[in-house]
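Biologist: I'm new to this one. Can you pull it up and walk me through a few spots?
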Amino acid sequence: KFSGPNFTESYCWPPAAWGYDVVAISHQGNDPLLYIPPVLTFLQIKSAYQALPHTSGPLALIVCPGWKKAQLVFDLLKTYQKGCRDLHPMLIILGQNKEAASHVETRGCEVIVTTPDSLLRLLEHKSWLLCRLCHLVLDEIEVLFSDTTEQVFTVLDRYKKAAARARGNPAHQIIAVGTQWNKHIPALVEEFMNDPYVVITAVEEAAICGNVQQVVQPCMNSSKIAESLKILDFTHTNLQKVLIFTDSINEVEMIHKALKRNSVVTLKKHKESKCNVSCVSERWRKTHSSGTPVVLVLTDDCLEPLGITDATCVIHFSFPSLRIFGQRLQSMTDNFCTLRKDSSVDQEHTNAKSVILLTENSPCHAPEILSYLKRAEAEIPQQLHDLAARVMESEEDEKFSRPLCASLKTFGICRNRTACPDRHQINVSIDMAQNIPDEMIKTPERVMIVPLHIVHATNYFGRIVEKEKDQYTILVEEMKNYFKVPGQRISVTTMKKSAFYGLCEGALCHRVQVVDIPAKEEENFVHKVTIKYIDEGRTSQVNSDQLLHLPARFQSLPPQAVEFIVCRVKPIDNEIEWNPKVTDDIRRKIKGRLHHAKVVHTLGKTVWLDPVVRVSSLSSVKVWINEYNIRSEILSTGLGTDNPEHLAEIQKL
């Protein structure tokens with residue numbers, strides 16, 4: 001069902017399949033299909049590897065920025081290698097337990113998918129692993145270089161040394177793909193690659209590579225034309241070809257008139273202008289070739305038909321989004337500096353310049369433009385920082401009705417607040433929830449809990465159990481006896497969203513709340529409804545005819561589900577999600593079992609706990625013992641590490 005290579009793949013696949021080094025930067029640069037098909041193709045050529053030593057060790061190594069991306073790549077490899085010889089791919093994610101690396105068996109494996117830290121842990125025990133390596137793939141290169149710079153260069157250095165020791169001159173290839181240019185890529189090209197193909201289809205990223213000078217000019221909205229005239233500093237030695245971009249036809253006309261009044265040779269183009277595309281293109285070319293500087297004022301929708309690529313300066317009269325910014329920069333691609341083998345960029349002269357007019361009315365795209373300019377290492381005025389901060393604050397206010405960010409609750413930090421759809425500030429009306437169980441209102445320092453729904457290794461939903469007389473246990477028994485009587489199992493005919501119902505699953509009876517009801521296609525139609533188990537915290541889909549009428553007396557006890565978060569532990573290697581291995585281990589150990597815990601913080605129906613301990617009694621000698629501490633169990637997997645700032649960040653929030 002593959003329709004064919006996209007634009008970037010069409011440029012990347014041939015050199016990659018021929019065995020050349022490749023750097024590919026694209027808006028789709030996080031898609032593994034940029035490199036999987038050509039690498040698999042090359043791996044079919046057995047003759048290419050005949051000179052290699054007949055020992056174990058992979059032919060290809062794919063390094064990903066985290067376990068989740070590595071898992072995706074591994075799954076895709078298994079899918080796409082079905083038409084090839086079996087390469088026995090392996091996914092290797094190693095924790096900090098040193099013995100784990102020594103137990104990894106790579107015999108017969110020809111492709112390894114891993115992360116930088118996992119690879120270095122493996123190399124500590126298997127230093128010979130790279131002796132047969134011919135293909136090194138760096139996936140999401142900008143993330144690898146920004147988060148694990150030292151580790152990536154260590155891997156590159158070891159690969160370079162292993163390649164130098166190889167006999168018979170086998171093929172050696174490095175492929176680096178990503179969505180953004182990174183300041184370390186020139187070093188990658190210069191020190192570790194051999195005449196690489198550099199494919200950049202994201203023009204704004206090509207502008208960073210091409211050393212386009214980025215300038216931010218603060219000014220008042222009323223003085224934008226005056227500022228533009230200052231920028232147009234025409235001299236006989238500086239015959240500029242300038243484009244002034246705006247998003248308004250009226251502004252095009254206004255700027256055009258103002259420049260002509262100041263004796264500037266000016267062209268204009270917008271949808272309503274009389275001069276057609278070929279006429280403007282011809283005048284643009286002829287005016288400059290006659291030795292006269294030229295300025296073209298235009299709207300963004302007119303650039304593509306004109307096909308201009310030889311401008312020397314772009315003035316952003318209207319503040320652009322990053323997408324529009326890239327389109328505008330495309331008009332200067334003939335003047336981008338070229339990446340050279342002997343130096344990072346041809347720095348002899350910079351012909352291309354981009355000037356952003358920053359006013360008090362500049363719109364909501366400030367944060368993304370600020371982020372871009374930082375990567376371009378441009379000089380950034382304080383006004384842009386202030387504007388971006390105001391925009392981000394406004395965007396955060398728009399999220400005020402969203403749930404509180406799960407990462408913030410679980411680890412005390414959210415790595416990317418701009419992209420995160422959830423809230424990062426307290427909303428009292430949501431967070432200080434109503435209908436809280438009595439056990440939480442009392443907020444005793446020490447509680448007994450039963451985790452019932454495991455979200456991940458440190459986040460669960462479950463119940464706080466009363467030590468003396470647990471009301472929920474009594475309720476469950478009463479519901480069980482009630483629904484035993486066939487005449488009292490009354491199916492619901494008309495459901496209401498948010499209403500409470502009964503649900504019997506085998507011998508268990510639950511209280512549930514309808515979360516979502518699909519539109520009915522016909523009367524008496526049995527359909528799936530989304531429900532929430534209000535005493536466990538999990539959601540599910542069931543057939544509508546399974547829901548039972550729930551008498552009012554069974555609804556009087558508040559929903560018992562409480563969110564539990566285990567404090568002071570987080571994933572290793574700067575990961576943002578728990579490895580499923582850890583979550584599965586913890587789920588098997590704790591689900592449905594009684595634990596003792598100390599409450600260190602509460603917010604509505606969320607409780608932060610430290611520690612959480614499973615306690616067992618030796619009835620014969622009347623002694624209680626600690627079976628395990630959940631935090632310690634996570635740390636013992638080698639995939640978790642200390643998070644000392646967690647609670648302080650929650651309290652600060």
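Modeller: A term to start with: buried means under 20% relative accessible area, exposed over 50% and partly exposed in between, with a 1.4 Å probe and protein chains only. This is a predicted model, where local features need pLDDT of at least 70, side-chain atom pairs count only at pLDDT 80 or more, and totals for chains, interfaces and linings use all residues. Residues are numbered from 1 along each chain as its sequence is written, and side-chain values use heavy atoms, leaving out hydrogens and water.

Biologist: OK, is Cys 337 buried or exposed?
Modeller: Cys 337 is buried, at a relative accessible area of 10%.

Biologist: Why no bond for Cys 337?
Modeller: Because the closest cysteine sulfur, in Cys 209, is 9.2 Å from its own, too far for a bond. A disulfide here is a pair of cysteine sulfur atoms within 2.5 Å.

Biologist: And how many disulfides does the structure hold?
Modeller: One. Cys 275 and Cys 279 form it, with sulfur atoms 2.4 Å apart. The link is left-handed, with -90 degrees about the S-S bond.

Biologist: What about Cys 414, buried or exposed?
Modeller: Cys 414 is buried, at 12% relative accessibility. Its sulfur is 3.9 Å from the one in Cys 405, the closest cysteine sulfur, so that is too far for a bond.

Biologist: Switching topic: what does Asp 431 touch, leaving aside neighbours within four places in sequence?
Modeller: Its contacts, meaning heavy atoms within 4.5 Å, include Arg 423, Leu 603 and Lys 605. Asp 431 is buried too, with a relative accessible area of 9%.
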